[in-house]
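Biologist: I would like to learn how to read the features of a model such as this one. Could we take them one at a time?

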Amino acid sequence: MTDPFKTHSRGLTSPPENAVVILPADQSELAVVTRALFVGEGGDVAVRMSGGGVVTLANVPAGTLLPIRVDRVYATGTTAGSILGLW
């Protein structure tokens, strides 16, 4: 398969190249800091930002792409579902 963009430099504004299903957990860090979260089922998303701040994003609609770098998605306070971490 040909990838005409293979030699282009990658940055935070480039499209993500990887994704993983996130299972919210209060005590577990993600294996990789995300570049974005995709929320498949709407609700609240409680996260720890890569800079250390802890916030709850309220009422995130289903199908939302959040361009945030997080290292943890908490089970407590998260009511959204089908969350993907993109990087």
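Modeller: Let us begin with a definition: two strands pair if DSSP finds at least two bridges between them. Please keep in mind throughout that this is a predicted model. Strand 2 and strand 7, which covers residues 81-86, meet that criterion with five bridges, and they pair in the antiparallel sense.

Biologist: Which residue in strand 7 stands opposite Val-39?

Modeller: The residue facing Val-39 across the pairing is Ile-83 of strand 7.

Biologist: In what order do the strands of the open sheet lie?

Modeller: As a general idea, strands of a sheet pair through backbone hydrogen bonds, in either a parallel or an antiparallel sense. Here, four strands form an open sheet in the order 1-7-2-5, and the pairing is antiparallel. The edges are taken by strand 1 and strand 5 (64-66); each has a single partner strand, so one side of each lacks a neighbour in the sheet. From one strand to the next, the twist averages 25 degrees.

Biologist: Let us turn to the interior. Which residues make up the largest nonpolar core?

Modeller: In soluble globular proteins, nonpolar side chains tend to be buried together. In this model the largest nonpolar core has 12 residues: Ile-22, Leu-37, Val-39, Val-45, Val-47, Val-60, Leu-66, Ile-68, Val-70, Val-73, Ala-80 and Ile-83. At least two residues of this core come from each of strand 2 (36-41), strand 3 (43-49) and strand 6 (70-74). The pair Val-39 and Ile-83, which stand opposite each other, are both members of this core.

Biologist: What does Val-73 touch, not counting residues up to four places away in sequence?

Modeller: With those residues set aside, Val-73 touches Ile-22, Pro-24, Ala-25, Leu-37, Val-45, Ala-46, Val-47, Thr-78 and Ile-83. Among them, Ile-22, Leu-37, Val-45, Val-47 and Ile-83 also belong to the core.

Biologist: Now the charged side chains. How many salt bridges does a search of the whole structure find?

Modeller: Side chains of opposite charge can pair when their charged atoms come close. The search of the whole structure yields three salt bridges. One of them joins the side chains of Arg-10 and Glu-17, at 2.4 Å from N to O. Arg-10 is exposed, at 53% relative accessible area, whereas Glu-17 is partly exposed, at 49%.

Biologist: Which side chain meets Glu-29 in a salt bridge?

Modeller: That partner is Arg-48, at 2.6 Å from N to O. The two belong to distant parts of the chain, 19 residues apart: Arg-48 is in strand 3, and Glu-29 is in the loop between strand 1 (19-22) and strand 2. Arg-48 also forms a salt bridge with Asp-71, at 2.8 Å. Because Arg-48 lies in strand 3 and Asp-71 in strand 6, this second pair ties together parts that are 23 residues apart in sequence. Glu-29, Arg-48 and Asp-71 are thus joined into one network by salt bridges that share partners.

Biologist: Is Arg-48 buried or exposed?

Modeller: The cut-off for buried is under 20% relative accessible area; at 17%, Arg-48 is therefore buried. Asp-71 is likewise buried, at 13%, while Glu-29 is exposed, at 52%. Beyond residues up to four places away in sequence, Arg-48 touches Glu-29, Gly-53, Val-54, Val-70, Asp-71, Arg-72 and Tyr-74. That set includes its salt-bridge partners Glu-29 and Asp-71, as well as Val-70, which is a member of the nonpolar core.

Conventions. Residues are numbered from 1 along each chain as its sequence is written. This is a predicted model: local features need pLDDT of at least 70, side-chain atom pairs count only at pLDDT 80 or more; totals for chains, interfaces and linings use all residues. Side-chain values use heavy atoms; hydrogens and water are left out. A nonpolar core is a set of buried Ala, Val, Leu, Ile, Met, Phe, Trp, Tyr and Cys residues joined through side-chain atoms within 4.5 Å. Buried means under 20% relative accessible area, exposed over 50%, partly exposed in between (1.4 Å probe, protein chains only). Contact means heavy atoms within 4.5 Å. A salt bridge is a side-chain nitrogen of Lys or Arg within 4 Å of a carboxyl oxygen of Asp or Glu. Axes are lines fitted to C-alpha atoms, for helices over the stretch in contact, and angles run from 0 to 180 degrees between N-to-C directions.
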